[in-house]
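Trainee: Please pick one part of this model and take me through it closely. Then work outward to what lies around it.

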Amino acid sequence: MTGAPIPFLDVRGVTELMSKELTRAWESVLAHGHFVGGPEVEAFEMQFAAFCESTHCVGVGNGTDALELICAGLGIRDGDEVIMPTNTFVATAEAVCAVRARPRFVDVLPDTLQVDPDAVAAAVGPRTAAIVAVHMFGQMADVDRLVSLAQRHGLALIEDAAQAHGARLGGRRAGSVGDAAGFSFYPGKNLGALGDGGAVVSDDAPLMSRIRQLANHGRAEAGRYLHDARGRNSRLDTLHAAVLAAKLPSLDADNDRRRAMMNRYRERLPTDCVVLAEHPLGESVHHLAVVQVPDRASAIRALDAAGIGWGMHYPVPCHRQSAFAEFADGSFPVAERAADRILSLPMSPTLTTEQVDRVCAVLASAM
Ligand SMILES: Cc1ncc(COP(=O)(O)O)c(C=O)c1O
């Protein structure tokens, strides 16, 4: 089957569509020259908090730092355990290890591949300090159950919303549910900067002022040259904030477009390509179009031959990564089975129905 190549992720196409707005944003920052902490940062923080239906936002260097700063701000430390799904990007575990706490991996649900709340409940122990609700692939984890578990045991609930800008569950937006949420603005995310960027969002004002301080060298409010916490440098650059503010107004429309393309996949994919289920009360923003296939090697061969991009999220769960081997206690049959079957198909707001139909036709002929 022939045709123009279809990229897995069309960052260039999205950037081209917005080139006027991005150039204007870029030029305004070049003109005033406040490249760190310029006025665009505060403006974007306010806009992004409002988008998330939350009250405070602190722009930081990337999504991993956002999660690490949340852990530090919540006082999570050496000896604490933080429960998280094993099927996540390793950054979730890295952030917890960075404050010297231990990731406690749990399994995921077979139909959605989101964290299994029963597995979380079973993993709570005397050292548990927090639960991370990772909103995988654009869909929110079952936060209703996780919130009540966290409340019952006096734990913090952290949202890892790096893949879920704008997602909802039961009407609530990603970023508005937990004690705090970490977002990534890596270029391929639903809201992407022109480089690395991230944010913490929360309603908790004292927590957010601690996080702002930690992200800015522990600088005290009392004075620029006073440091009353051991912090670090993790700030959202002004240029990125300006670009993100220019892109934010079209994020809901971009997410609608992704939803329409996912519906098309659902209608057209062969029955052997099983699309992940969605929570009946959820509104996914389809960061990734993940399917499970019985013969992934054949599917990949056919996509490669047709010039169609693909990905895998994630073929090696965290507990099987050598970097996290010391935390690999427990059994994770669902994540392990899924790791061999998952395949991410092209997904971008620029994707067309014709492209989706071609991907589906290629997979149908391969299976
Ligand atoms: C689930 C998840 N958490 C955290 C991160 C880390 O974000 P960043 O790459 O901006 O550090 C990512 C990024 O890919 C992610 O997908």
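Mentor: Two strands pair if DSSP finds at least two bridges between them. Strands themselves are DSSP runs of E with at least two residues, helices are runs of H or I with at least four, and both are numbered from the N terminus. This is a predicted model; local features need pLDDT of at least 70, side-chain atom pairs count only at pLDDT 80 or more, and totals for chains, interfaces and linings use all residues. Residues are numbered from 1 along each chain as its sequence is written.

The part I pick is strand β9, residues 198-202. Start with its pairing. F183 stands opposite A199 in β9. F183 belongs to a pairing with β8 (residues 180-184), where four bridges join the two strands and the sense is antiparallel. β1 (residues 56-60) is also joined to β9, by five bridges, and that pairing is antiparallel too. There, H56 has S202 as its bridge partner in β9.

Now burial. A residue is buried if 20 or more other C-beta atoms lie within 10 Å of its own, exposed if 12 or fewer, and partly exposed in between, with C-beta atoms placed from the backbone. By that count β9 is mostly covered: five of its five residues are buried. G198, V200 and S202 point one way from the strand, A199 and V201 point the other way, and all are buried.

Three residues of β9 return in the largest nonpolar core: A199, V200 and V201. A nonpolar core is a set of buried Ala, Val, Leu, Ile, Met, Phe, Trp, Tyr and Cys residues joined through C-beta atoms within 7 Å. This one has 114 residues. The members that touch the most others are I70, C71, A130, I131, A199, V200 and V201. Both domain 1 (13-249) and domain 2 (251-366) give residues to this core, so it lies between them. Those bounds come from an automatic or database domain assignment.

Next, α4 (63-73). Its buried residues pack against β1, α5, β5 (156-160), β8, β9 and α8 (205-215). Eleven of the eleven residues of α4 are buried, so the helix is largely enclosed by the rest of the structure. Among them are D65 and E68, alongside L67, L69 and I70. Take C71 for detail. Not counting residues up to four places away in sequence, C71 touches I76, A95, V96, V99 and A101. Contact here puts C-beta atoms, placed from the backbone, within 7 Å. Just after α4, G75 takes a positive phi of about 80°.

Helix α8 holds a contrast in burial. P206 lies in α8. P206 has 9 C-beta neighbours inside 10 Å, so it counts as exposed. N190 is 16 residues from P206 in sequence, and 29 Å away in space, C-alpha to C-alpha.

A130 and I131 lead to β4 (residues 128-134), which is mostly covered, with seven of its seven residues buried. β4 pairs with β5 in the parallel sense over five bridges. A130 stands opposite A156 in β5. β2 (residues 81-85) is joined to β4 by three bridges and also runs parallel. E81 has T128 as its bridge partner in β4.

α4 also takes us to the ligand. Both α4 and α5 (91-98) supply at least two residues each to the shell around it. Fifteen residues make up that shell, the closest being G63, T64, A91, A162 and S184. A residue belongs there if its C-beta atom, placed from the backbone, lies within 6 Å of the molecule. The shell has five nonpolar, eight polar and two charged residues. Ala, Val, Leu, Ile, Met, Phe, Trp, Tyr, Cys and Pro count as nonpolar, Asp, Glu, Lys and Arg as charged, and the others, Gly among them, as polar.

Last, the domain level. The C-alpha centres of domain 1 and domain 2 lie 24 Å apart. In contact are 37 residues of domain 1 and 34 residues of domain 2. On the domain 1 side, α1 (11-17), β3 (102-106) and β6 (168-169) each give two or more residues. That side divides into 18 nonpolar, twelve polar and seven charged residues.

Definitions and conventions. Contact = placed C-beta atoms within 7 Å.
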